[in-house]
Amino acid sequence: MVIESYSDLIQAAQQQEEPQRLLFVLAKAELPEDATASQTSRFAEQQGGALDPVLCVDKLPQEVADFSTLLAESEKTGVDWDIAFIASMSGRAGQAPSSDEADQPLTLMVNKVKAGSIADFVTVNKQGELIQLFA
């Protein structure tokens with residue numbers, strides 16, 4: 001299945017042989033303190049900057065079936081973000097992974113985002129649109 005939207009992602013997760021748990025790392029675009037004029041200009045055009053992970057959470061697909069649900073829950077935290085990185089974990093024996101089992105993979109995701117190693121994640125902007133970032 002080709003994933004072209006957030007809805008496709010949820011549908012794909014629900015169609016897997018084993019139940020899934022989705023992992024979300026929400027990041028804020030920031031301009032480095034020592035940014036050049038060129039970097040500042042690109043950042044103003046939403047074409048550059050660094051992504052700083054500010055929030056992470058794990059959810060079952062049915063808990064965030066609509067992007068608006070994820071957005072509403074994130075707004076309750078008061079933490080502003082620009083980009084969501086999404087991955088999934090497969091369960092076993094018909095059981096989805098628990099939140100406790102998601103802790104280490106979420107930490108690894110945060111570290112990958114910090115390092116700019118984001119190719120393995122589905123990336124969504126705050127409007128719920130899938131986007132492609134170039135490291």
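Q: Where is the place of V113?
A: V113 belongs to helix α4, and the model you are looking at is a predicted one. Helices (H or I, at least four residues) and strands (E, at least two) are DSSP runs, numbered from the N terminus.

Q: Why is V113 called buried?
A: Its relative accessible area is 5%. Buried means under 20%, exposed over 50% and partly exposed in between, with a 1.4 Å probe and protein chains only. At 5%, V113 therefore counts as buried.

Q: What is V113 in contact with, leaving aside its neighbours within four places in sequence?
A: V25, L51, P53, F85, I118 and F121 are on that list. Contact here means heavy atoms within 4.5 Å. V113 and L26 are 87 residues apart in sequence, yet their C-alpha atoms are 9.6 Å apart in space.

Q: How are the residues numbered, and what kind of model is this?
A: Residues are numbered from 1 along each chain as its sequence is written. This is a predicted model: local features need pLDDT of at least 70, side-chain atom pairs count only at pLDDT 80 or more, and totals for chains, interfaces and linings use all residues, while side-chain values use heavy atoms and leave out hydrogens and water.

Q: Which element has the lowest mean pLDDT, and which the highest?
A: Helix α2 (residues 37–44) has the lowest, at 75, and β3 has the highest, at 96. pLDDT is the predictor's confidence in each residue, from 0 to 100. The protein chain averages 91, with 96% of the residues scoring at least 70.

Q: What makes Y6 and F67 an edge-to-face aromatic pair?
A: Rings of Phe, Tyr and Trp (its six-membered ring) pair if their centres lie within 6.5 Å; planes under 30 degrees apart count as stacked, over 60 as edge-to-face and the rest as tilted. The structure holds two such pairs. For Y6 and F67 the figures are 5.3 Å centre to centre and 75° between the planes, so both cut-offs are met. Y6 lies in helix α1 (residues 6–14) and F67 in helix α3 (residues 67–77), so their pairing ties together parts that are 61 residues apart in sequence. Y6 is buried at 4% relative accessible area, and F67 is buried at 11%.

Q: Why is the pair of F85 and F121 also called edge-to-face?
A: Their centres are 6.2 Å apart and their planes 65° apart, so this pair passes on distance and on angle. F85 lies in strand β3 (residues 83–90) and F121 in the loop between α4 (99–115) and β4 (122–125), so the pair ties together parts 36 residues apart in sequence. F85 and F121 are both buried.

Q: What makes a set of residues a nonpolar core?
A: The members are buried Ala, Val, Leu, Ile, Met, Phe, Trp, Tyr and Cys residues joined through side-chain atoms within 4.5 Å. The largest one has 15 residues, and Y6, F24, V64 and F67 have the most contacts inside it. At least two of its residues come from each of α1, β1 (20–30), α3 and β3, with α1 giving the most, four residues. Another core of 14 residues lies apart from it, including V25, I83, F85 and A87.

Q: What is the order of the strands in the open sheet?
A: The four strands run β2-β1-β3-β4, with antiparallel pairing. Two strands pair if DSSP finds at least two bridges between them.

Q: Why are β2 and β4 called edge strands?
A: β2 (50–59) and β4 each pair on one side only.

Q: How do you know that β1 and β2 pair?
A: Nine bridges join them in the antiparallel sense, so the requirement of at least two is met. One example is F24, whose bridge partner in β2 is V57. Eight bridges join β1 to β3, also antiparallel; among these positions, Q20 has S90 as its bridge partner in β3.

Q: What makes β1 largely enclosed?
A: Eight of its 11 residues are buried, so the rest of the structure largely encloses β1.

Q: Why is A93 called exposed?
A: Its relative accessible area is 74%, so A93 lies over the 50% cut-off. A93 is found in the loop between β3 and α4, and has a positive phi of about 55° although it is not a glycine.
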